[in-house]
Amino acid sequence: MGTLLYNAVIYTMELEGEQVEALYIEEGKIVDCGSSKRLLEKWSRQASRARNLNGAFIYPGFVDSHLHLIAHGQKLLRLDLSQSTKKDALAKLEAQSVQDGEWIEALGWNEHNDPDHALLTVTDLNKISINQPIFVMRICRHAAIVNQNVLDLAGIDRFTPDPKGGKIERDEHGNPNGILHDAAIQYVQAVMPPLSKASVKNALQTAINDCHAKGLTGGHSEDLHYYNGLAETVDIYQEVVNEKKPFRAHLLIHHEELSAYDASPYTQQQALSPYVEFGALKIFADGALGGRTAALSEPYEDDPSTSGLLIHNQTALYDLVYQARKRQLAVAIHVIGDQALELALTAIEQNETVNQRDRLIHVQVAREDLVQRMAKLPIVIDVQPHFVVSDFPWVEERLGEERMSFSFAWKTLLETGIHCAGGSDAPIEPIEPLKGMHAAIFRKNDQGTYNVKEALTPYEAVALFTTGSAYAIEKEATRGKVKIGYDADLTILDRDLFRGGEEAFSQARVLETIVNGYTVYEKGGVSE
């Protein structure tokens with residue numbers, strides 16, 4: 001007994017423009033697809049449900065190839081500063097009601113939302129409180145701003161050296177100004193109260209509910225290091241993600257959790273359930289452009305005193321890839337600057353490949369020689385198109401005109417034959433896949449349109465979040481298409497993304513999200 005969906009416009013993503021009208025689903029798989037007439041004649045008696053979709057548009061389930069699910073849930077539950085000016089942010093922080101001794105925490109701060117691009121510093125946060133610890137995570141999650149109370153708790157003063165792979169910003173007198181980059185944030189995280197398992201579980205549940213509402217049937221997430229370690233986080237995933245709340249969760253393994261991974265019972269199995277599985281070893285090679293910690297081969301145009309920050313040198317990066325290979329794991333390396341990209345490519349080239357695909361995450365700044373090197377490797381690039389909306393035009397000041405031709409260059413990567421998958425990096429960028437697709441196609445925000453030669457076609461943009469995400473995790477034979485034998489993961493919209501123009505991507509509503517044949521979200525507009 002199965003479900004018959006008919007009278008729909010169903011894009012298979014097997015070939016550009018290919019459509020069918022009906023699907024028959026049994027036990028989470030697509031058993032048949034074709035015309036409504038044929039499938040009604042063949043399956044209507046056997047189907048436990050026959051549903052007239054009234055012309056709705058069906059796509060393979062959208063999958064986010066790079067996000068932080070639990071952090072996205074936390075953003076929905078905590079104080080969010082991602083749209084705030086400095087004045088608004090300080091007012092929201094001051095309005096936070098906490099008990100004595102509790103931490104005031106906020107996420108998503110972005111100085112580029114302020115008309116003057118004004119930074120938050122220790123001085124600003126001290127005016128709110130010198131007794132309550134205040135911790136503000138920048139939107140990129142590669143920088144944080146804290147008050148003096150937190151600096152004292154963490155033992156950070158003018159004599160504290162920068163940690164390897166991190167930076168403590170200082171004022172003109174050499175005193176910490178409250179802004180911490182990358183590994184320096186760990187000084188603070190070591191003294192923060194641990195999160196309860198219940199709060200992490202709530203964040204994950206909240207995130208997956210939101211993913212379903214946005215049309216996402218799965219995501220490749222990096223969570224296993226930040227919430228009391230790998231073992232507890234995996235337990236939470238298995239408690240939350242199941243037949244009652246199905247979602248295809250592909251979990252990257254942070255390199256600092258290798259010992260925990262080795263001690264776990266999962267080293268010989270990638271799939272822990274039909275919905276939860278392990279992926280590649282996640283490695284950070286550099287920081288982010290917003291804080292000028294992305295590692296560039298030449299200094300920043302708007303600050304020639306720095307070329308960014310390498311988290312690992314070439315030897316250390318090689319060894320991390322080698323450690324992954326010993327465990328038959330692929331790697332997923334965060335690279336934003338071209339210097340970090342060069343080191344990552346060298347480390348991959350010098351180590352033998354495994355049966356999984358290596359991934360480079362972001363690749364916002366490249367060079368022609370590096371693109372050619374990538375094209376020779378069996379790798380996948382995880383791109384986040386919405387960064388074009390968020391980072392322009394200020395990123396042009398960071399990089400300068402000469403570097404822009406190979407920056408945020410998604411079309412160039414595809415035309416060179418490099419496989420790409422699409423994601424959001426939520427909570428850093430909006431999790432809605434339709435916003436990511438829109439950014440990939442139209443490359444514009446309220447201030448202008450940017451480097452249109454790198455614009456993707458609608459088919460290429462949708463492919464990033466369907467066939468691209470499936471290919472990234474070796475699931476191209478079972479997911480990412482509407483095809484007989486494939487998983488019944490579907491996203492149903494009220495608009496045609498391939499014929500509706502820009503309006504389709506900006507105004508489409510998710511009518512229904514289906515995972516493994518189960519309807520996990522339904523907004524309305526689809527009738528029985």
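## Strand pairing and crossovers in a predicted model

An open sheet of six strands, with mixed pairing, follows the order S9-S10-S11-S12-S14-S13. Its edge strands, S9 (79-80) and S13 (166-170), each pair on one side only. Here helices (H or I, at least four residues) and strands (E, at least two) are DSSP runs, numbered from the N terminus, and two strands pair if DSSP finds at least two bridges between them.

This is a predicted model, in which local features need pLDDT of at least 70, side-chain atom pairs count only at pLDDT 80 or more, and totals for chains, interfaces and linings use all residues. Residues are numbered from 1 along each chain as its sequence is written, and side-chain values use heavy atoms, with hydrogens and water left out.

Strands of a sheet pair through backbone hydrogen bonds, either parallel or antiparallel. S13 and S14 (residues 176-182) run antiparallel and are joined by four bridges; Ile-168 stands opposite Leu-180 in S14.

Strand S19 (residues 358-362) is largely enclosed by the rest of the structure, because five of its five residues are buried (under 20% relative accessible area, with a 1.4 Å probe and protein chains only). S19 takes part in the two pairings listed below.

| Strands | Sense | Bridges |
|---|---|---|
| S18 (residues 331-335) and S19 | parallel | four bridges |
| S19 and S20 (residues 379-383) | parallel | four bridges |

Ala-332 stands opposite Arg-359 in S19, and Asp-358 has Ile-379 in S20 as its bridge partner. S18, helix H11 (residues 338-349) and S19 form a right-handed β-α-β unit; S19, helix H12 (residues 368-375) and S20 form a right-handed β-α-β unit as well. A crossover is right-handed if, with the strands pointing away from the viewer, the path from the first strand over the helix to the second runs clockwise.

Note on methods: Buried means under 20% relative accessible area, exposed over 50%, partly exposed in between (1.4 Å probe, protein chains only).
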